[in-house]
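Welcome! Take a moment to look over the sequence and turn the model around, and then let us walk through it together.

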Amino acid sequence: MQTKAILAAVLLAVATFAQTTGGERYIGAGLAMGLAGLGAGLGIGIAGAAAMSALVERPQERTWYLIFLALAEAIAIYGLLISLLLVL
């Protein structure tokens with residue numbers, strides 16, 4: 001019974017905040033791009049450091065290391081797409 005009340009409250013809050021008329025969508029777009037850039041930067045930093053240390057041991061696997069870095073960079077591209085969808 002308590003779960004239904006919580007779900008109803010959450011749905012009411014979502015419906016209330018979904019009706020943005022001012023600058024809320026720009027704040028959301030900025031947050032989406034900023035957090036996606038932060039996540040991509042952390043991912044590339046960690047994966048890049050690991051790739052450089054692994055490149056010393058196995059240089060023939062260079063292509064796989066670049067693929068891992070590209071997957072981390074895709075997070076920033078997804079954030080850019082979401083921010084564009086929020087603004088337009």
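**Starting with helix α2**

A good place to begin is helix α2, which covers residues 24-57. Its 34 residues should span 50 Å at 1.5 Å a residue, and the end C-alpha atoms are 49 Å apart, so the expected and the actual span agree. Please keep in mind throughout that this is a predicted model.

With that helix in view, let us step back to the whole chain. The protein has three helices and zero strands, and reading along the sequence gives the pattern α-α-α. Helix α1 takes in residues 2-17, and helix α3 takes in residues 62-87. The check used for α2 works for α3 too: its 26 residues should span 38 Å at 1.5 Å a residue, and since its end C-alpha atoms are 38 Å apart, the two values agree.

How do the parts of the chain come together? Among contacts in the protein with a separation of 6 or more, 77% are between residues 24 or more positions apart. Of the 88 residues, 12% are buried. The accessible surface comes to about 6,800 Å², and carbon and sulfur atoms account for 75% of that surface.

Now let us see where α2 and α3 have their buried residues. In α2 these are A29, A36, A40, G48 and A51, and α3 is part of what covers them. In α3 the buried residues are Y65, A72, A74, A76, G79 and S83, and here α2 is part of the cover. A general point about helices helps when reading such lists: an α-helix has 3.6 residues a turn, so residues three or four places apart point the same way.

Three of these buried residues let us look at the pairing in detail. A72 sits in helix α3. Its relative accessible area is 10%, under the 20% cut-off, so A72 counts as buried. Leaving aside neighbours within four places in sequence, A72 is in contact with A40, G43 and I44. A72 and G43 are 29 residues apart in sequence, yet their C-alpha atoms are 5.5 Å apart in space.

G48 belongs to helix α2. With a relative accessible area of 16%, G48 is buried. Which residues does G48 contact, leaving aside its neighbours within four places in sequence? They are G43 and L69. G48 also lies 8.6 Å from F68, C-alpha to C-alpha, with their positions 20 residues apart in sequence.

Move along α3 and you will find S83. This residue is buried, at a relative accessible area of 8%. Not counting residues up to four places away in sequence, S83 touches A29 and M33.

Next, visit the places where the helices begin and end. G23 is in the loop between α1 and α2. It is partly exposed, with a relative accessible area of 37%. Although G23 and V87 are 64 residues apart along the chain, their C-alpha atoms are separated by 9.6 Å. Elsewhere, R58 and E61 form a salt bridge, their closest N and O atoms being 3.5 Å apart. The count of salt bridges comes to one. R58 is partly exposed at 44% relative accessible area, and E61 is partly exposed as well, at 24%.

What about the outside of the protein? I77, Y78, L80, L81, L84 and L88 make a nonpolar surface patch of about 660 Å². One of them, Y78, lies in helix α3. Its relative accessibility is 55%, over the 50% cut-off, so Y78 counts as exposed.

Finally, it is worth comparing the model with a database record. An unreviewed UniProt entry lists residues 28-52 and 64-87 under "transmembrane region". In the model, residues 28-52 are 100% helix and 0% strand, and the end C-alpha atoms of that span lie 35 Å apart. Residues 64-87 are likewise 100% helix and 0% strand, with end C-alpha atoms 35 Å apart.

To gather the picture, return to α2 and α3: α3 is part of what covers the buried residues of α2, and α2 is part of what covers those of α3. A72 with its contacts A40, G43 and I44 is a good spot to revisit in the structure.

Note on methods
Residues are numbered from 1 along each chain as its sequence is written. This is a predicted model: local features need pLDDT of at least 70, side-chain atom pairs count only at pLDDT 80 or more; totals for chains, interfaces and linings use all residues. Side-chain values use heavy atoms; hydrogens and water are left out. Helices (H or I, at least four residues) and strands (E, at least two) are DSSP runs, numbered from the N terminus. Buried means under 20% relative accessible area, exposed over 50%, partly exposed in between (1.4 Å probe, protein chains only). Contact means heavy atoms within 4.5 Å. Accessible areas come from the Shrake-Rupley method with a 1.4 Å probe; for residues, only the protein chains shown count as cover. The expected span of a helix is 1.5 Å times one less than its number of residues. Patches are made of residues with over 30% relative accessible area and no salt bridge: like charges are joined within 9 Å, nonpolar side chains (Val, Leu, Ile, Met, Phe, Trp, Tyr) within 5 Å. A salt bridge is a side-chain nitrogen of Lys or Arg within 4 Å of a carboxyl oxygen of Asp or Glu. UniProt positions are given in the numbering used here, feature names are shortened, and annotations may be inferred rather than shown by experiment.
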